[in-house]
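Got the viewer open and a selection box ready? Let's take a walk through the model, one pick at a time.

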Amino acid sequence: MKIKVEKEKIIEIVKKLEGIELVLENPGDAKEAIELILRRTDLFNSDHYKKLKDVNVTSTQEYKTSAVDYQIMFLLEPIFDDDVTIDAKAAFIKDLQMLFNKKCNGD
């Protein structure tokens with residue numbers, strides 16, 4: 001399972017958590033930012049996180065109205081231990097999405 005996160009949301013959360021305004025140019029930059037976010041939030045202490053082995057990050061572009069009007073999105077694919085159930089994976093992904101929505105809406 002993968003989730004899609006806007007580049008700006010990742011930048012905004014890191015700025016709120018660390019006071020750092022990042023430039024995300026590629027999936028490697030986004031991966032480091034995601035790792036920082038996970039370590040600085042409650043997700044790090046969750047049971048889900050303990051079974052998380054890695055997060056694969058790829059990038060994509062979404063075109064809104066034309067070829068020049070696009071938004072960079074990062075696809076996050078959490079990689080878990082083999083014994084993690086689909087329900088546990090879904091719960092982690094839901095928590096991760098809630099984190100991005102909550103932090104970016106001023107909470």
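A salt bridge here is a side-chain nitrogen of Lys or Arg within 4 Å of a carboxyl oxygen of Asp or Glu. Before you click, note that this is a predicted model, where local features need pLDDT of at least 70 and side-chain atom pairs count only at pLDDT 80 or more, while totals for chains, interfaces and linings use all residues. Residues are numbered from 1 along each chain as its sequence is written, and side-chain values use heavy atoms, with hydrogens and water left out.

**Stop one: E18 and R40.** Select both; their side chains meet in a salt bridge at 2.5 Å, N to O. E18 sits in helix α1 (residues 7-18) and R40 in helix α2 (residues 27-40), so this pair ties together parts 22 residues apart in sequence. Helices (H or I, at least four residues) and strands (E, at least two) are DSSP runs, numbered from the N terminus. E18 is partly exposed at 32% relative accessible area, and R40 is too, at 46%. For the cut-offs, buried means under 20%, exposed over 50%, and partly exposed in between (1.4 Å probe, protein chains only).

**Stop two: along α1.** Stay on this helix and pick K16 and E12, which form a salt bridge of 3.5 Å, N to O. They are four residues apart, about one turn of the helix. Now which residues of α1 are buried? Select K7, I10, I11, I13 and V14. Looking down the axis, the buried residues fall within an arc of 165° (taken from the directions from the helix axis to the C-beta atoms), so they line one face of the helix. Just past α1, G19 has a positive phi of about 75°.

**Stop three: strand β1.** Go to residues 3-6, where side chains alternate: I3 and V5 point to one face and are buried, while K4 and E6 point to the other and are not. K4 reaches E62 in a salt bridge of 2.5 Å, N to O. That links β1 to strand β2 (residues 52-66), 58 residues apart. β1 also runs antiparallel to strand β3 (residues 69-80), joined by four bridges; strands pair if DSSP finds at least two bridges between them. Opposite E6 you'll find M73.

**Last stop: F80 and F92.** The structure holds one aromatic pair, and this is it: edge-to-face, 5.5 Å centre to centre, 85° between the planes. Rings of Phe, Tyr and Trp (its six-membered ring) pair if their centres lie within 6.5 Å; planes under 30 degrees apart count as stacked, over 60 as edge-to-face and the rest as tilted. Both F80 and F92 are buried.
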